[in-house]
Amino acid sequence: MEDQSLTPIRCKAAVCRANGAPLVIEEILVDPPKSYEIRIKIICTSLCHTDLTFWRVKEDFVVPPVFPRILGHEAYGVVESIGEHVEEFAVGDTVVPTFLGQCDACSSCASEANNMCFAVPFSISPGMRRDGTTRFRDAHGAPLHNFLAVSSFSQYTVVDVNQVVKVDPAVPPKLACLLGCGAGTGEPC
Ligand SMILES: [Zn+2]
Ligand SMILES: [Zn+2]
């Protein structure tokens with residue numbers, strides 16, 4: 001039987017094609033996870049004000065607008081497949097992606113004073129942390145950019161192992177998804 005973890009998944013995502021334009025549900029391809037990545041089936045995702053900020057972003061914003069893009073960074077899901085060198089997670093784990101990294105090895109992660117990892121720093125680049133590329137393609141094969149290395153407005157997404165935590169499956173998904181940003185930052189959701 002073919003190893004599904006090595007094949008792209010065809011699914012649906014809410015794609016933002018231009019700033020301020022309505023999100024459109026499109027059929028997309030989600031590539032398999034690379035090393036130190038996991039692919040997640042999204043069960044629940046919420047809307048954060050930061051998603052709105054990057055949806056209506058203008059040319060004079062602090063970073064250039066990047067489209068097409070899959071927004072969303074508060075989510076709860078189930079691990080569908082794992083990439084090479086992933087030991088912390090297994091298929092079926094219930095997880096919450098985080099837009100901040102945690103390598104558990106750098107001096108910042110070892111400190112009790114902050115949570116800004118030096119090895120996996122905060123980034124609003126349109127790709128994954130380690131290689132800068134995206135795991136999403138549209139129906140024509142064109143890349144769809146990432147958002148905060150989470151992009152949860154999709155039925156499936158790929159995240160870095162340093163940007164995801166396991167959660168007790170007894171926690172209701174609609175509450176667990178808020179832990180990824182709204183609860184941690186105190187941001188109105
Ligand atoms: Zn670190
Ligand atoms: Zn947020």
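I began with the aromatic rings, and the count came to three aromatic pairs, where rings of Phe, Tyr and Trp (its six-membered ring) pair if their centres lie within 6.5 Å, with planes under 30 degrees apart counting as stacked, over 60 as edge-to-face and the rest as tilted. I noted that this is a predicted model, in which local features need pLDDT of at least 70 and side-chain atom pairs count only at pLDDT 80 or more, while totals for chains, interfaces and linings use all residues. I also noted that residues are numbered from 1 along each chain as its sequence is written, that chains are lettered from A and ligands numbered from 1 in the order in which they are written, and that side-chain values use heavy atoms, with hydrogens and water left out.

I looked up Phe-54 and Phe-61, which form an edge-to-face pair at 5.4 Å centre to centre, with 85° between the planes. Phe-54 counts as buried at 8% relative accessibility, whereas Phe-61 counts as partly exposed at 30%; buried means under 20% relative accessible area, exposed over 50%, and partly exposed in between (1.4 Å probe, protein chains only). Together with Phe-147, Phe-54 and Phe-61 form one aromatic cluster.

Next I turned to the zinc ion (ligand 1), whose protein donors are Cys-103 (SG), Cys-106 (SG), Cys-109 (SG) and Cys-117 (SG), lying 2.3 to 2.4 Å from it. Donors are N, O and S atoms within 2.8 Å of the metal (3.2 Å for Na, K and Ca), and water is not among the atoms, so sites may look incomplete. Along the chain the donors follow the spacing C-x2-C-x2-C-x7-C. The arrangement is tetrahedral because the four donor atoms subtend angles of 105 to 116°, and four donors count as tetrahedral if all angles lie between 85 and 135 degrees. Two of the donor residues I checked for burial: Cys-106 counts as buried at 13% relative accessibility, and Cys-109 counts as buried at 14%.

I then looked at the largest nonpolar core (buried Ala, Val, Leu, Ile, Met, Phe, Trp, Tyr and Cys residues joined through side-chain atoms within 4.5 Å). Of its 22 residues, Ile-28, Val-30 and Ile-70 touch the most other members. The largest share of this core, five residues, comes from strand 1, strands (E, at least two residues) being DSSP runs numbered from the N terminus.

Last, I found Lys-166 over the face of Phe-89, at 5.9 Å from the ring centre; a charge sits over a ring if NZ of Lys or CZ of Arg is within 6 Å of the ring centre and within 35 degrees of the ring normal.

Technical notes. Four donors count as tetrahedral if all angles lie between 85 and 135 degrees; four count as square planar and six as octahedral if opposite donors are over 155 degrees apart and all others between 65 and 115; anything else is irregular. Helices (H or I, at least four residues) and strands (E, at least two) are DSSP runs, numbered from the N terminus.
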